[in-house]
Every structure is written in C-alpha cells, then in structure tokens.
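User: Please take a close look at one helix of the model shown here and at the parts that surround it. I would like the cut-offs behind each term spelled out as you go.

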Amino acid sequence: MSDKMGLILPLASHVSRLTFPSRIVCLTAESTEIIYALGAGDRVVGVSGFSVFPEEARAKPRIGGYTGIRAERVLSLSPDLVLAYSDLQAEVTAELVKEGATVLHLNQRSLSGILDAILLIGGSLYEAGHDLH
C-alpha cells in the first residue's frame, strides 16, 4: 500500500494492539538525526554510512551508502521499521517490503515537507500526547 506522502506499509491481517518500533534502521543521515532528536536513538539498530550526527550514531552498524544499500544487510538487523528517503531508494525499499519489512519512505522536498516528515516519523514512534522532554 502506498499513498501520496510516500508511505509504504504491508497490510496486517490482524492487529491486536498497537506497538511501536523498537528496532529501527535509518537509510539516510537525515532520518537518523530526526530519530535521535525525537529521543528514540536507543531504538536505532542500523544507519547509513553517511550518519555522523549525533556522535552516538557513529557506533551503530552501517548498512551502506545512500544508493548502495543492500536489502539483505538491512534485513539482517531484524528491523521492525525502516526509514527511507527519495525516489533514489525506491528499488531497495520495494525489495524490503516484498520481504515483509515495514518501511516509511518519505520524499520531502520543501520546508513544510520536512516538518510533515518529522511529524510522520514521530507519530510512528510514540502514542499521541507523549512528552518528548
């Protein structure tokens, strides 16, 4: 399933309760920084080779460069959420979805798009009303 925001998620046949991801792989440095800024850096299990901020992200397993990411490497980290960006990552995210991974693939191209992306990512991490401070 995909919508105009670029969200790609496999459909669940049965959802008994809402769970939030605990094993996140970030395919871009931007998504890594957003996750850490939202206070969920402890859930990150893999990052892009370009992720250098915050410093803690440097210790996470690297899954490859921006366009040289292999789905097998991502899947080996057993993510329950993969964050991707841009049409340049469409092929690898399609492969990940085919393998059953949950992918939030964004394609923000403006300031309002960036803010929407932060809200979407935050909404995938926490219940409504969660205090980030």
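Analyst: The account below begins with one helix and then follows its surroundings outward.

The model is predicted, and for that reason local features are reported only at pLDDT of at least 70 and side-chain atom pairs only at pLDDT 80 or more, whereas totals for chains, interfaces and linings use all residues. Residues are numbered from 1 along each chain as its sequence is written, and side-chain values rest on heavy atoms, with hydrogens and water left out.

The helix in question is α3, residues 90-98, where helices (H or I, at least four residues) and strands (E, at least two) are DSSP runs numbered from the N terminus. Within α3, the residues V92, T93 and L96 are buried, a term that stands for under 20% relative accessible area, with exposed meaning over 50% and partly exposed lying in between, for a 1.4 Å probe and protein chains only. Because these buried residues fall within an arc of 100° when α3 is viewed down its axis, they line one face of the helix; the arc is taken over the directions from the helix axis to the C-beta atoms. An α-helix has 3.6 residues a turn, so residues three or four places apart point the same way. On the face turned away from the buried side, α3 carries the exposed residues E91 and K98, and just after the helix G100 adopts a positive phi of about 100°.

The cover over the buried residues of α3 includes α2 (71-75), β4 and β5. From the loop between β3 and α2, R70 is in contact with V92, and also with I63, once neighbours within four places in sequence are left aside; contact here means heavy atoms within 4.5 Å. The C-alpha atoms of R70 and L96 are 9.4 Å apart, although 26 residues separate the two along the chain.

R70 also forms a salt bridge with E72, with 3.6 Å between the closest N and O atoms; the term requires a side-chain nitrogen of Lys or Arg within 4 Å of a carboxyl oxygen of Asp or Glu. Of the two partners, R70 counts as exposed at 54% relative accessibility, while E72 is partly exposed at 46%. Side chains of opposite charge can pair when their charged atoms come close.

The whole structure holds 2 salt bridges, and D87 and R109 form one of them, at 3.3 Å from N to O. This pair links distant parts of the chain, since D87 sits in the loop between β4 and α3 and R109 in the loop between β5 and α4, 22 residues apart. Both partners are exposed, D87 at 51% relative accessibility and R109 at 59%.

The loop that holds R109 leads on to α4, residues 111-125, a helix of 15 residues that reaches 21 Å from its first C-alpha to its last, close to the 21 Å expected at 1.5 Å a residue, the expected span being 1.5 Å times one less than the number of residues. Its buried residues are G113, A117, I121, G122 and L125, and they pack against β2 (24-26), α1 (29-37), β4 (81-85) and β5 (103-106). The strands β4 and β5 are therefore among the elements beside the buried residues of α3 as well as among those packed against the buried residues of α4.
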